[in-house]
Amino acid sequence: MRPVGLEVADIFRQVGPSYREDHDAALSRGQRRVMSAIEQCRTTALGGHVEQCDSCGHQRIAFNSCRNRHCPKCQSLVRAQWLEDRQSELLPVEYFHVVFTVPQEIAAIAYQNKTVVYDILFRATAETLRTIAGDAKHLGAEIGFIAILHTWGQNLLHHPHLHCVVPGGGIAPNGERWISCRPGFFLPVRVLSRLFRRLFIAQLQLAFDHGELQFFNSLEALRNRVDFAKYLAPASRAEWVVYAKPPFGGPKQVLEYLGRYTHRVAISNNRLREFSDGAVTFAWKDYRHESRNKTMRLDAHEFIRRFLLHVLPSGFQRIRHYGLLANRYREVRLNHCRDLLAAPAPVVVPLDAQDYRDRYQRLTGVSLRDCPHCGHGQMVRIETFLPGTLPRGPPPTAP
């Protein structure tokens with residue numbers, strides 16, 4: 001059973017200082033920022049405020065959050081707002097889930113060249129889907145989709161792959177009709193895999209030719225053109241894994257899926273099982289053995305190392321929209337799709353200047369105003385304190 005309140009932050013706060021000391025030269029600036037953000041999240045280091053119930057007088061401290069996208073505790077509101085925005089974009093059609101992965105040899109290059117190779121992963125995936133869908137032998141239509149980058153496997157090792165959520169159809173080349181996929185079938189995965197492999201290898205080679213790739217440690221020999229070509233040869237011949245999961249039942253199921261897969265971090269707090277004797281135990285699914293539920297125990301330093309494998313470059317967009325859903329013309333094209341499908345326009349709720357707590361309750365259904373002690377009073381802010389300081393008044397009452 002998971003200990004109450006065990007968090008990734010607890011591990012970082014206890015082991016982070018020694019990890020920094022032992023791995024100082026290997027840590028990037030971005031990884032250091034993520035470590036500090038998680039350690040300081042919802043602590044006095046970031047300041048906060050004191051709230052008091054207007055009925056029973058119960059008090060509580062609300063510390064500020066770090067808002068770092070890699071923090072397991074800071075994604076709920078961002079995720080809820082993003083899902084609300086997507087809800088108005090869903091079409092009344094079948095939706096498909098297609099996953100694009102790369103071989104381990106490519107993943108190793110990607111880890112040392114995150115921005116370049118992750119961008120290639122997005123571009124090659126997008127070109128593959130749009131090319132095959134546009135081919136009259138398959139669908140013969142312009143499609144749209146959302147691509148979400150994940151860089152981890154259940155064991156926290158580096159495993160970059162893209163999850164794509166795709167409406168089951170698209171607009172005909174003449175723009176005058178909607179072309180639907182066959183029920184339960186989107187596009188042939190083997191055809192997708194072969195084109196994806198070819199496009200990815202070609203773009204990776206081009207990046208090498210332009211001097212955009214860097215190689216260190218065990219990959220240092222790849223700076224030589226001949227060695228680079230030899231390294232890529234096996235991957236160029238192997239079958240790359242592209243697979244389509246069963247289609248979603250409808251728009252509601254799409255949103256439920258997106259809620260699970262977007263704005264995720266490498267591991268959530270609810271997967272942690274134990275932190276003792278300098279080791280971390282967490283739950284994971286072994287997909288190679290019938291998705292069996294297992295636990296894994298790692299030295300705390302190794303746990304942190306694996307977590308930090310998935311820190312993205314600053315400003316890197318891990319959720320992207322393509323085709324009919326591309327940001328620039330999304331509203332116009334979606335309206336055209338609805339016209340072709342004879343679907344009603346979505347009801348759009350205008351954004352207003354809501355208080356953070358009102359907005360949080362509207363998006364998540366969880367109230368930050370209700371008193372957790374008496375249940376009928378409202379929590380009112382009575383004091384604000386700056387980062388690195390403590391409240392001036394008496395200590396808040398226990399729940």
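Me: Let's start with serine 55. Is serine 55 buried, partly exposed or exposed, and why?

Reply: This is a predicted model, so keep that in mind as we go. The general idea is to compare relative accessible area with two cut-offs: buried is under 20%, exposed is over 50%, and partly exposed is in between. Serine 55 has 43% relative accessibility, so it counts as partly exposed.

Me: Where does serine 55 lie in the chain?

Reply: Look for the loop between strand S1 (48-53) and strand S2 (59-63); serine 55 lies there.

Me: Which residues does serine 55 touch, if I skip those up to four places away in sequence?

Reply: Serine 55 touches Cys374, His376 and Gly377. For a sense of scale, take threonine 262 as well: serine 55 and threonine 262 are 207 residues apart in sequence, and their C-alpha atoms are 39 Å apart in space.

Me: How about the chain as a whole? How many helices and strands are there?

Reply: The chain has 11 helices and 13 strands. Its C-alpha atoms fill a box of roughly 70 × 60 × 40 Å along the principal axes. Of the 399 residues, 48% are buried. And if you take contacts between residues at least 6 apart in sequence, 71% of them join residues at least 24 apart.

Me: Now helix pairs. How are two packed helices described?

Reply: You give the angle between their axes and the distance between the axes. Try helix H1 (residues 8-22) and helix H2 (residues 29-40): their axes come within 8 Å and cross at roughly 140 degrees. H1 and H2 are therefore oblique to each other. Their crossing is left-handed.

Me: Which residues make that contact between H1 and H2?

Reply: From H1 you have Ala9, Phe12, Arg13, Gly16, Tyr19 and Arg20, and from H2 there are Met35, Ser36, Ile38 and Glu39. Sorted by class, the contact has 5 nonpolar, 2 polar and 3 charged residues.

Me: And at what angle do H2 and H9 pack?

Reply: H2 and H9 pack at about 115 degrees, and their axes are 11 Å apart. The crossing of H2 and H9 is right-handed. On the H2 side, Gln31, Val34, Met35 and Ile38 meet Ile304, Phe307 and Leu308 of H9. That contact divides into 6 nonpolar residues, 1 polar and no charged.

Me: How many residues of H9 are buried?

Reply: Helix H9 (residues 300-308) is mostly covered, with 7 of its 9 residues buried. They are Ala300, His301, Phe303, Ile304, Arg306, Phe307 and Leu308. These buried residues pack against H1, H2 and H5, as well as strand S9 (272-276), strand S10 (279-286) and strand S11 (292-299).

Me: On to sheets. What is the strand order in the open sheet of 5 strands?

Reply: Read the order from one edge to the other: S8-S3-S5-S4-S12, with antiparallel pairing. S8 and strand S12 (319-323) are the edge strands, since each pairs on one side only. From one strand to the next, the twist averages 25 degrees.

Me: How many bridges join S3 to S5, and how many join S3 to S8?

Reply: S3 and S5 run antiparallel and are joined by 7 bridges. Among the facing residues, tyrosine 95 has proline 167 of S5 as its bridge partner, and phenylalanine 96 stands opposite valine 166 in S5. S3 and S8 also run antiparallel, joined by 4 bridges. There, phenylalanine 100 has valine 242 of S8 as its bridge partner.

Me: Which way do the side chains of S3 point?

Reply: Tyr95, His97, Val99 and Thr101 point one way, while Phe96, Val98 and Phe100 point the other way. S3 is mostly covered: 7 of its 7 residues are buried.

Me: Which helices lie across or pack against these strands?

Reply: Helix H5 (residues 114-134) lies across S3, S4, S5 and S12, at about 35 degrees to S5. In helix H8 (residues 251-261), the buried residues are Val254, Leu255, Tyr257, Leu258, Gly259 and Tyr261. Those residues pack against helix H3 (76-87) and strands S3 (95-101), S4 (144-152), S5 (158-167) and S8 (242-245).

Me: What phi does histidine 263 take, just after H8?

Reply: Histidine 263 takes a positive phi of about 55 degrees.

Note on methods
Residues numbered from 1 in each chain as written. Predicted model: local features only at pLDDT ≥ 70, side-chain atom pairs only at ≥ 80, totals over all residues. Heavy atoms only, no water. Axes fitted to C-alpha atoms, helices over the stretch in contact; angles between N-to-C directions. Helix = DSSP H or I, 4+ residues; strand = E, 2+ residues; numbered from the N terminus. Parallel < 35°, antiparallel > 145°, perpendicular 65-115°, else oblique. Left-handed = near helix turned anticlockwise from the far one by under 90°. Contact = heavy atoms within 4.5 Å. Nonpolar A, V, L, I, M, F, W, Y, C, P; charged D, E, K, R; others polar. Buried < 20%, exposed > 50% of the residue type's maximum accessible area, 1.4 Å probe, protein only. Pairing = 2+ DSSP bridges.
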